[in-house]
Each structure stands twice: as structure tokens, then as C-alpha cells.
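Got your viewer open? Let's take a walk through this model, one selection at a time.

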Amino acid sequence: MDIFSILLWPIKWAIELILVAFHSLWTFLGMDPDAGLTWVLAIVGLVIVVRAALIPIFVRQIKSQRRMLEVAPQLKKIQDKYKGKKDQFSREAMSRETMELYKRTGTNPLSSCLPLLLQMPIFFGLFSVLNDASIHADRGGVGVLTPTLAESFSNATFLGAPLNSTFIGEWNAMMAGEPFSASTMFVAVTMIILMTASQFITQLQIVSKNMSPETKASPMFRQQRILLYLLPLVFAFSGVAFPLGVMFYWLVSNFWTMGQQFIVIRNMPTPGSDAAKAREARLARKGKLVVETKADGEDAEPQKPVTTQRQQPMGKNRSKKQNRK
């Protein structure tokens, strides 16, 4: 057993536990234990558990992104300071000052990728569980996946496509003149398109709606623009090699991310962004946006909080001294 398998073993054990638990739940509710839909819903349950566990990480990601917005003007100053300087000394100085700014403010430009990176072991773990179930069904999994369940999982089909099949495998079989499944290729292509589109829409929500003008003028915006087109391409090219079961996990996880991002942008938008202006307009239409103004139309000064603390009685001599001041 190689080091990668050893590191993946506890992840596979946890994946099998969650899959079997949800499979038992759907079977208890009357679904066919060998049906592909039952196993697909078990994978959906796995997504729910994993993404719910990552909610604290997502909250930290939002806070880190807020801090990145705060330091955007300072990043712009560093960029302008070394604008047009191509020598190695200037590049190193710019990189050093940028890293010092990140360290001083506690920001991380890669925070937006953290939930995706943390899910990569789950992707590979599910891939390994599917692969082991199809090759060594008689031995079962590393945990609660018995030989019977492993055989059921490896033989499960959804819309006529086996969950352990891949697009590239069927393509190679077609090119070699061997029997292949057209339905598997169709389902795989459809899922790859949906994965790519959902990832693009999620990134587009951030870039187009949830960035302030200061951020759009900073280097961070260029990084986000690169991710806008890079991440969907990663999904498109890597999806052809993943089993359909793994792609179901990937697709449902993308839908979760898209919905979660929509809720955050709608209810907690970045100050100064288009989403924040849209939220203020919605609140204004509902009469829930209250802005105090002066007589001349300018914003009013914030009122001092009214205190309810009991005032101590003041003697005559002390009162006369205070009135003289």
C-alpha cells in the first residue's frame, strides 16, 4: 500500500459510512436498494454532510474576503509605486511589500479557493471507493461497505449510465471499435456542461455584483477575473476522466455553492458593490431603509446613545462651580 492510499484510508472510511447511512435511510423509506437513484441520493446526502461541515470555513472565507476589500486601496498604492518597473529588484520589493501587507492585515488572496481545496480529498476518496467497489466488490470497502453493498454500488446505473463509468473510458472504447455506451457519454457530457456552467455562474456572481469600485481597481480583481475563466476550464477538462458518481457529487456541490453564494450576496453584500445598492433599493421600496437627514438635505450626524444610568445628586457648592465653567 502506497503513502497516498494510507492517507486516503480514513477519508474513504468516512465516505463509506455516510454513503451507507443515507443508502439505508432511502431503503428504509421504500426505495430499491440496488437502484441507481438510491445511490445518487446517497451521494447527495454526502454532499449535504460535507458542505454543512464546511460552513464555518465558508464564514471565515467571507470575513477574509471582507478584509481583502479593506486592503484593496493599499494594494493599489503598492502596484502604482512599482508601475512600469520591470527589474528584478523592483519585482522582489513589490512582492515583499505585498506579502507584508497580507501578513499585517491577516488577509489571504487564496481564501476563495479554500472550500474547493478542502473538498479535493473527498473527490479522490469517492473516486477510490467507486473504483474499489467495481474492481474488488467481493472484498467490500475499507469500512462499512460490505461486499453486497459494494456490488450494488458498482452495478448501479442512472439514466442507463453506470455510476462507475467515465466519458474518456467510453470514448476510448468507441475509438477502438469496442462496445460502448452512448447513454453514458450523453449523461457525462450533460453533467460536464452543467458543472462548468454552474461554476462560471458562481464566480460571475462575485465578479459582477459583489465587488466595490475600489476592489475592481485593485490586483485582486484581476485574480478573480482569471478564476472566472480558469476554474470552469478545470471542471471541463478534468470531468471527462471522473466517474459519473464523482461528477454527481461535484455537480450537487456546485449547486450548493451557487445557492449559498446567492444568499450571501443578496443579504450580506460587500459595501459599495452593485449588490449592496440593489439591497438598499429593495429595503427602500419596502420602507425599511431609514436615512436621517438634516434640514439642508445632508446626512445627519449620528445621534449619541441615550443613557439610562442614574445621575448622582449634586450639592449646591458643586452645582455653582459647574455653572461657572
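At roughly what angle do the axes of helix H2 and H11 cross? Select residues 36–53 for H2 and residues 244–267 for H11: their axes come within 9 Å and cross at roughly 45°. (Axes are lines fitted to C-alpha atoms, for helices over the stretch in contact, and angles run from 0 to 180 degrees between N-to-C directions.) H2 and H11 are therefore oblique to each other, oblique being what is left once you set aside angles under 35 degrees (roughly parallel), over 145 (roughly antiparallel) and 65 to 115 (roughly perpendicular).

Before you go on, some ground rules. This is a predicted model, where local features need pLDDT of at least 70 and side-chain atom pairs count only at pLDDT 80 or more, while totals for chains, interfaces and linings use all residues. Residues are numbered from 1 along each chain as its sequence is written, and side-chain values use heavy atoms, with hydrogens and water left out.

Now zoom out to the protein chain, which has 13 helices and two strands. (Those are DSSP runs numbered from the N terminus: helices are H or I with at least four residues, strands E with at least two.) Of its 325 residues, 38% are buried, meaning under 20% relative accessible area with a 1.4 Å probe, counting protein chains only.

Next, show side chains where H2 and H11 touch. Among the residues in contact (heavy atoms within 4.5 Å) are Val40, Ile43 and Val47 in H2, and Phe248, Tyr249 and Trp256 in H11. The residues of this contact divide into twelve nonpolar, four polar and one charged. (Ala, Val, Leu, Ile, Met, Phe, Trp, Tyr, Cys and Pro count as nonpolar, Asp, Glu, Lys and Arg as charged, and the others, Gly among them, as polar.)

Stop at tyrosine 249 in H11. Is this residue buried or exposed? Tyrosine 249 is buried, with a relative accessible area of 1%. Leaving out residues up to four places away in sequence, tyrosine 249 touches Ile43, Leu46, Val47, Val50, Gln119, Ile122, Phe123 and Leu126. Try a distance too: the C-alpha atoms of tyrosine 249 and valine 40 are separated by 8.6 Å, though these residues are 209 apart along the chain.

Last stop: add H1, residues 3–28. H1 packs with H2 at an angle of about 125°, their axes 8 Å apart, so H1 and H2 are oblique to each other as well. Look for Phe22 and Trp26 in H1, and Trp39 and Leu46 in H2, which are among the residues that meet here.

Terms used:
Buried means under 20% relative accessible area, exposed over 50%, partly exposed in between (1.4 Å probe, protein chains only).
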